[in-house]
Amino acid sequence: MWRPPQRIRYEASAGRVPSAAEAAASRLFSPIDIGPVRLVQRTWVPAMVPWRATDDGYVTEEVIDWYERFARGMPGAIVVEATGIRDVPSGPLLRIGHDRFLPGLTRLVETVRHASGGRTRLLIQLIDFLAIRRRPEPKKFFERFLSITPAHRAALGAPDLPDAELRARLSALSESELKRVLAEEEWESLQFGFRERVTDMQHAHIRNLPQVLPGLFAEAAQRAEKAGFDGVELHYAHAYTMASFLSRTNTRGDGYGGALENRVRLPLEVFAEVRHRAAKTFAVGCRYLADECIDGGSSVDDAVHFGVAFARAGMDFISLSRGGKFDDAKQPTVGAAAYPYTGRSGYECMPQFISDERGPFGRNAEPSAAIRNAIRGAGGDVPVVCTGGIHNFEMAEDYLARGVCDIVGAARQSLADPDWFRKTLLGFGGEVRVCEYTNYCEGLDQKHKPVTCQLWDKLPAGAGERLTPDGRRRLTAPAWNPPR
Ligand SMILES: Cc1cc2nc3c(=O)[nH]c(=O)nc-3n(C[C@H](O)[C@H](O)[C@H](O)COP(=O)(O)O)c2cc1C
Ligand code: SF4
């Protein structure tokens with residue numbers, strides 16, 4: 001992962017620990033409505049892919065255990081990991097693109113209800129993504145993947161050479177010669193692996209995204225409702241399709257790219273279709289980027305515009321992340337796919353304990369405050385969720401007091417200690433296992449290995465507690481019960 005060159009080390013702490021009485025009277029532990037759905041407290045576990053679904057996207061016992069463990073901490077809301085809305089193979093990513101996924105998802109909802117004593121509201125993050133392939137071996141790339149064009153022939157001065165010989169000649173070129181001969185996207189496919197973009201208007205399936213996606217998202221949301229979820233989070237963040245529509249790098253000329261109001265058009269149309277088809281009692285919101293954190297990408301000013309538009313459209317909540325783009329991802333090794341959390345924007349999304357003068361903990365606070373202020377200034381009252389480096393009560397309470405956000409999202413802190421809300425509320429805040437922001441978990445995510453936390457995965461497992469397939473790591477945090 002990319003790290004700021006300053007390499008300043010930071011240590012997260014439990015901060016000032018409140019008494020049970022103080023916690024009970026706090027903002028963090030007060031209720032809030034996200035549209036039609038009441039959260040009993042303003043704590044939020046954002047989406048985290050734990051790589052526990054089957055290879056064809058079904059809920060497994062391990063998925064159930066994962067969410068059950070978070071639910072025992074009784075946060076206000078849990079957002080289930082990014083879940084694919086299409087009925088296409090997506091590897092071990094959870095899916096909701098067909099009714100056959102409903103039984104597993106229904107069980108998941110029931111498990112969370114039961115484990116949280118009905119206190120935690122459950123949302124699911126709906127994602128669409130475009131094709132991305134692994135970085136190819138150069139030999140295979142030239143033999144099979146590259147489509148030979150007249151431009152290659154012209155560049156080599158070989159108009160009549162048979163394809164096979166042309167491929168062999170291309171394969172023998174030096175890197176600098178190849179850069180001259182290959183088109184930009186061909187060079188990228190060779191160096192990083194092929195990746196589709198929303199601007200690839202030469203392909204009908206990309207051109208048609210605005211016609212197809214509202215229906216796909218709406219059908220997925222209807223399934224989520226059938227399974228018993230309290231709402232959906234439309235994934236408009238990071239490196240995926242909808243975020244790419246919002247991005248300043250979206251230059252589509254069909255009315256869905258370029259100017260701000262065109263870039264936000266499809267996200268609004270998707271929301272409108274989902275809202276139209278979902279029950280009034282079902283919450284619909286989105287997660288998007290307070291800042292893309294890439295050269296030439298959307299800034300906080302763009303995000304302010306989007307936030308006001310989403311609020312006006314009637315979203316029930318807005319959740320803010322940052323960065324996490326392919327645009328500045330590191331070159332993957334041959335045989336691996338690019339991972340959008342390896343560059344500077346990836347660092348902004350999941351900052352690690354080695355940082356710069358700004359530190360890893362508050363990077364999303366000011367952008368979130370600016371977006372929330374603009375929404376309030378425009379008369380919108382949609383609750384805003386801020387996530388990024390939040391790890392203790394003091395910090396969470398400060399964010400709420402300062403108007404940074406209305407709901408506090410904590411991903412890695414909740415992974416490090418899924419009981420941190422409950423411990424804090426009951427006056428046992430001193431027992432919270434504080435995240436060290438090492439990104440060991442994110443490293444596992446990158447390799448599509450079951451995600452665990454280094455603070456608990458080597459602790460002995462009790463009866464009935466599952467381990468990773470190699471038997472080396474426990475899959476969920478050890479149980480915690482309040483002392484009597
Ligand atoms: C293992 C892992 C998986 C993640 N998966 C998702 C995801 O599915 N969808 C999403 O929007 N963000 C995902 N994230 C990002 C988190 O939701 C969160 O925005 C990020 O970790 C920063 O918050 P934190 O500092 O509280 O951890 C993931 C993060 C981690 C560590
Ligand atoms: S592995 Fe655990 S301690 Fe390290 S960043 Fe992830 S959640 Fe925090």
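A residue is counted as buried when its relative accessible area is under 20%. By this criterion E292, at 3% relative accessibility, is buried in the predicted model. Its salt-bridge partner K325 is likewise buried, with a relative accessible area of 3%. The side chains of K325 and E292 meet at 2.8 Å, N to O. The pair joins distant parts of the chain, with K325 in the loop between β9 and α15 and E292 in the loop between β8 (283-289) and α14 (300-313), 33 residues apart.

In total, 35 salt bridges were counted in the structure. One of these is formed by the side chains of R376 and D406, with an N to O distance of 2.9 Å. This pair also links distant parts of the chain: R376 belongs to helix α16 (residues 365-377), D406 lies in the loop between α17 (393-402) and β12 (407-409), and 30 residues separate them. R376 is partly exposed at 27% relative accessibility, whereas D406 is buried at 9%. A further salt bridge connects the side chains of E465 and R474 (2.7 Å, N to O). Here E465 is partly exposed, with a relative accessible area of 29%, while R474 is buried at 1%. In addition, salt bridges with shared partners connect R322, E348, D356, R358 and R363 in one network.

Positive charge also gathers on the surface, in a patch made up of R3, R7, R9 and K330. Of these residues, K330 is located in the loop between β9 (318-321) and α15 (344-349) and is partly exposed, with a relative accessibility of 44%.

The cysteines were examined next. A disulfide is a covalent bond between the sulfur atoms of two cysteines. The structure contains zero disulfides. For C386, the closest cysteine sulfur is that of C405, and no bond is assigned because the distance of 5.0 Å is too far. C405 is accordingly in no disulfide, its nearest cysteine sulfur being that of C386. Both residues are nevertheless buried, C386 at 1% relative accessibility and C405 at 2%.

Backbone geometry was considered last. Most residues other than glycine have a negative phi. H238, which is not a glycine, has a positive phi of about 65 degrees. This residue lies in the loop between β7 (231-236) and α11 (241-246) and is buried, with a relative accessible area of 6%. N439 likewise has a positive phi, near 65 degrees, without being a glycine. N439 is found in the loop between α19 (420-425) and α20 (440-446), and its relative accessibility of 7% places it among the buried residues.

Methods
Residues are numbered from 1 along each chain as its sequence is written. Chains are lettered from A and ligands numbered from 1 in the order in which they are written. This is a predicted model: local features need pLDDT of at least 70, side-chain atom pairs count only at pLDDT 80 or more; totals for chains, interfaces and linings use all residues. Side-chain values use heavy atoms; hydrogens and water are left out. Patches are made of residues with over 30% relative accessible area and no salt bridge: like charges are joined within 9 Å, nonpolar side chains (Val, Leu, Ile, Met, Phe, Trp, Tyr) within 5 Å. Accessible areas come from the Shrake-Rupley method with a 1.4 Å probe; for residues, only the protein chains shown count as cover. A salt bridge is a side-chain nitrogen of Lys or Arg within 4 Å of a carboxyl oxygen of Asp or Glu. Lys and Arg count as positive and Asp and Glu as negative; His and the chain ends are not counted. The place of a charge is taken as NZ of Lys, CZ of Arg, CG of Asp or CD of Glu. Helices (H or I, at least four residues) and strands (E, at least two) are DSSP runs, numbered from the N terminus. Buried means under 20% relative accessible area, exposed over 50%, partly exposed in between (1.4 Å probe, protein chains only). A disulfide is a pair of cysteine sulfur atoms within 2.5 Å.
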